[in-house]
Amino acid sequence: MTSEGKDEHTGQDPLFILESGEVYRNPTEVKMSQIVLPCHANHCGELSIGQLLKWMDSTACLSAERHAGCSCITASVDDIHFEHTIGVGKVVNIIAKVNRAFTSSMEVGILVNCEDFYTDKQWKVCHAFATFVARRTEAGKVQLKQVIPRAQMEQMEFSLAAERRRMRLIHAEIITDLLSSSTAQLGECQEYHNAVPAERTRVESVELVLPPHANHQVSTFGGQIMAWMENVATIAASRLCNAHPTLRTIDMFHFRGPSHIGDRLVLKAIVNNTFKHSMEVGVCAEAYQGGEPLRHINSAFMTFEVLDIDRKPRMLPRIRPEPVDGKRRYQEAIARKKIRLDRKYIISCKQTEVPLSVPWDPSNQMYLSYNNVSALKLMDARNSWVLTSEKNKVRLYTLEENRMLCFKVEMHISVSAEQTFLLLSDLRRRQEWDQHYEECKVITQADEDDTLYCVTTPSVSKGSKGQDFILLASRRKPCDARDPYVIALRSVTLPTHPPTEEYSRGEVLCAGFTIREESSTVTKITYYNQATPGVLPYISTDIVGLSSSFYSAFSACSHFLEANKDSLAALPPSTLFHNTC
């Protein structure tokens, strides 16, 4: 079975050829193609984002239902960044497929491309991840069947879906904590001359949910609700700048409850804050029938720009917030912008574009941890490793990709996977088996799964300095039996720990362990490292076959694990982690 690299322009997966010679197609994949007509477009002759959201939700729902075999509802849609607009006459191609199924929910990946059939060109517009939940049947709660990934990209998305799910489950809690810690440092709202009163941008609109707005389950179509929300947010943004804005980013949509035919849907929007070239609009949807109280259905934050004739973002007027709640929204928008930039900087970049050391602070901890684990899982999913050497069943592999040299070491031991994970998780004990670890100290325990360490290593040649590393260690237990235990390492920078004269500051881009239980008595350990200038001196002779020091190190690791396989009591409490999946 063979496949080629992912298309950089469209983001589409490569063809995957089965051994029979047939082209493989994911059984959950659903495609939709729509030509953009004037009735789908806004005043600029560009496809309305609301219409695009409806098409995306429809395609994703059909994919989810194809896998589940029953009706499904939209639970949430992750952040969406729109890279391009789509003009009338262009073709929109949407591909959706289930990346992974959990108990009764599943993640669906959605890719949107634009096609110009006059020039025969295609380009990526956006991608998103939506969560769908299988509706209860008369037999009770649905237990979804497992997704079986076959192509390399499917294996990558399957693995990363567990990490994205973890982020969704803690998203609201983390955002609340970040906002409370950040807004305390923001101070009072600044007064600007000629600032636009926020009240002027307020929009409230009501929609009666009719049968055409419902899906095949007689609930209000999730894509329709998102489209109505986008409409009122666009009106609010237009009132600020007296111009037609362009939607760039939508923060996560999270559906709090269902809506049905006959509901009155109340949609509210207001500009929370403006920055130099962008503005944040808060929007919510609430529903009621008759005299009942309002039910919260959905809320989101949307970022708009206003483009000039050269398609460059225009300078925007400042906003004057309303008293009390307006000031709170104003300050929270500043905090959310920082969070948004951190997220885009850390998560959205290709691995080769992320600097070796990213500054760490509590506000970006969640995203750094996600990036740390995701980078290791992506390396683990690669299938083009080349065996360089082998000694006593300890194997060294290399992989050269995007001008980066990666290596991995594999071995098998007779220690349980969980015990191996607990022993290797505590980096302070690594010096017991790794001669390259001279000293390792805990700087801070960020949370139950993430710890910051300072590691010092000896010099590799006479007269040279030793190196020190500031490392973020992120650990994960498996979501289910198909996942490995993961211990991911990467360099970060801390103002409290600047480089010193005594050591040269080394950096780790991506390293760590995956630990898989292959049977009740055999565990497979794989160590990965994306070699950087700071790491290469320690392994260069192994890579070219002039040394087998890697065997000595991992043989010592094996002995260490065997000697401590029953020593749970010796482990510090911080190494005992709960499973968040």
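**Close-up 1. A right-handed crossing between helices α1 and α3.** This view, like the others here, comes from a predicted model. Helix α1 spans residues 49-68 and helix α3 spans residues 222-241; they pack at an angle of about 165°, with their axes 8 Å apart. Since an angle over 145 degrees counts as roughly antiparallel, that makes α1 roughly antiparallel to α3. On the α1 side, look for I49, G50, L53, K54 and D57. Their partners in α3 are G222, G223, Q224, M226, A227 and E230. Sorted by class, this α1–α3 contact is a mix of four nonpolar, four polar and three charged residues.

**Close-up 2. Helices α6 and α8 where their axes cross at roughly 115°.** Here we've moved along to α6 (residues 417-425) and α8 (residues 549-563), whose axes come within 10 Å. With 65 to 115 degrees counted as roughly perpendicular, that makes α6 roughly perpendicular to α8. The crossing of this pair is right-handed. From α6, the residues to pick out are T420, L423 and L424, and they meet C557, F560 and L561 of α8. Five of the residues in this contact are nonpolar and one is polar, with no charged ones.

**Close-up 3. The second largest pocket, with a volume of about 1100 Å³.** There's a fair bit to label in this one, as 42 residues line the pocket. To get your bearings, start with M252, H254, R256, S299 and F301, the lining residues that lie nearest the pocket's centre. Going by class, the lining has 18 nonpolar residues, along with 15 charged and nine polar ones.

**Close-up 4. C454 and its surroundings in strand β22.** The strand shown runs over residues 450-457, and C454 has its place there. Leaving aside residues up to four places away in sequence, C454 touches E439, C440, K441 and I443, and also F469 and I470. One of these partners, E439, is worth a second look: C454 and E439 sit 15 residues apart in sequence, and their C-alpha atoms are 8.1 Å apart in space.

How values were computed. Residues numbered from 1 in each chain as written. Predicted model: local features only at pLDDT ≥ 70, side-chain atom pairs only at ≥ 80, totals over all residues. Heavy atoms only, no water. Axes fitted to C-alpha atoms, helices over the stretch in contact; angles between N-to-C directions. Helix = DSSP H or I, 4+ residues; strand = E, 2+ residues; numbered from the N terminus. Parallel < 35°, antiparallel > 145°, perpendicular 65-115°, else oblique. Left-handed = near helix turned anticlockwise from the far one by under 90°. Contact = heavy atoms within 4.5 Å. Nonpolar A, V, L, I, M, F, W, Y, C, P; charged D, E, K, R; others polar. 1 Å grid on protein atoms, 1.4 Å probe; cavity = no way out; pocket = protein on both sides within 12 Å on 5 of 7 lines; lining within 4 Å. Points joined across faces, edges and corners; volume = space filled by probe spheres on them.
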